[in-house]
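Okay, hi everyone, thanks for coming. Today I'd like to talk through how a few helices sit together and where the empty space is. Have a look at this first.

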Amino acid sequence: MIYQRQQPPGCGGCLLIVLLIVFVSGGAPALINFLGILLYSGLAAVLLFIALFWGFSYWVQKKVATYERSQTESHNRFVWLLVQILVHTAKIDGQITRDEIQTIYRFFQYNLRYNQTQMHWVKEIIKEAIHQTTPLDALLNEFKAAFAYEPRLILLELVYQVLYSKKTVSGNELETARYIAVFLDIPDYDWRTIEAKYRYHRQRAAAAAEDTAERHYATLGLSKGASMEEIKKAYRQLSMQYHPDKVGHLGDEFKGVAEEKMKEINAAYDYFKKQAA
């Protein structure tokens, strides 16, 4: 026979004993009064819990509203459209999974380093976007009308960043990212540069190896063996497109995205300059 631990008695038995003691000592009136106190206490506890929950929700919503008012209209519109487009991309296969939502959520939390208040704000936008039926073309039209070329590049960069943060990227998702690029009038060279960088990092991670020169070529959107003149031309073009000052109106986090991109571009150019010296 295998020894099994005995489970401790539940509270139901204890409560029954207490009720019997009250009944024996005070009769039916005492038992009724005792049950009334229990009912009142339980109701009071439920009401207290509801009040605390409502108070916390109100406090969070107030903080979110205060944060939203503190940002520029361009920033808020950019984030709203970004989330709408990312969620729409996740819906390509006809449904959106919890993992896809978590991917977008983690992107804002870890890649853009949003704090708790900002994350509550993004969470509400994601909820809204999930139930939206606005066509992708309408969202892209609005984005194209509202933002210049540099914010469009940042949007496409973030779309690819979210896609490649997933374990697998489907062909439909890549086609949608390319469609977004074409719709926003982003030339082939620019969107291929972005796609090549993320595809390269995925491939190198899978191979558990890294070729420094190949990585820097991918950053500049060039094929291996490109001349120094081609490298200089690509560097000048990308430096103008990703200059942080051109997206400063979108908020510090998106200016940070441009700054990180500029670091990659500068590192690639410095590498090839040293190789050519």
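Let's start with the largest pocket: H3, H6, helix H8 (188–207) and helix H11 (252–276) each supply at least two residues of its lining. Helices here are DSSP runs of H or I with at least four residues, and strands are runs of E with at least two, numbered from the N terminus.

Before I go on, this is a predicted model, where local features need pLDDT of at least 70 and side-chain atom pairs count only at pLDDT 80 or more, while totals for chains, interfaces and linings use all residues. Residues are numbered from 1 along each chain as its sequence is written, and side-chain values use heavy atoms, with hydrogens and water left out.

Back to the pocket. Which helix gives the most to its lining? That's H11, with seven residues. The space in there is about 330 Å³, and of the 16 lining residues, the closest to the centre are Asn111, Gln161, Gly256, Val257 and Glu260. By class, the lining has five nonpolar, three polar and eight charged residues. For the classes, Ala, Val, Leu, Ile, Met, Phe, Trp, Tyr, Cys and Pro count as nonpolar, Asp, Glu, Lys and Arg as charged, and the others, Gly among them, as polar.

And what's a pocket, exactly? On a 1 Å grid over the protein atoms alone, a pocket is an open set of points with protein on both sides within 12 Å along at least five of seven lines; a cavity is a set where a 1.4 Å probe fits but cannot get out, and lining residues have an atom within 4 Å of a point. Points are joined across faces, edges and corners, and a volume is the space filled by probe spheres set on them.

Now the helix pairs. H3 and H6 pack at about 115 degrees, with their axes 10 Å apart. The axes are lines fitted to C-alpha atoms, for helices over the stretch in contact, and angles run from 0 to 180 degrees between N-to-C directions. H3 and H6 are therefore roughly perpendicular; the cut-offs are under 35 degrees for roughly parallel, over 145 for roughly antiparallel, 65 to 115 for roughly perpendicular, and oblique for the rest. Thr103, Ile104, Phe107 and Asn111 of H3 meet Leu158, Gln161 and Val162 of H6, with contact meaning heavy atoms within 4.5 Å. That contact divides into four nonpolar, three polar and no charged residues.

Next, helix H2 (residues 73–90) packs against helix H3 (residues 98–111) at about 150 degrees, axes 10 Å apart. That makes H2 roughly antiparallel to H3. On the H2 side we have Val79, Leu82, Val83, Leu86, Val87 and Ala90, and on the H3 side Glu100, Ile104 and Phe108. It's eight nonpolar, no polar and one charged.

Third pair: H2 and H6, at about 40 degrees with axes 11 Å apart, which makes H2 oblique to H6. Among the residues in contact are Phe78 and Ile85 of H2 and Pro151 and Ile154 of H6. Here the split is 11 nonpolar, one polar and no charged.

So how many cavities of 30 Å³ or more are there? One, with a volume of about 80 Å³. H2, H3 and helix H6 (149–163) are the elements giving two or more residues to its lining. Leu86, Ile104 and Val162 are among the lining residues, which divide into six nonpolar, two polar and three charged.
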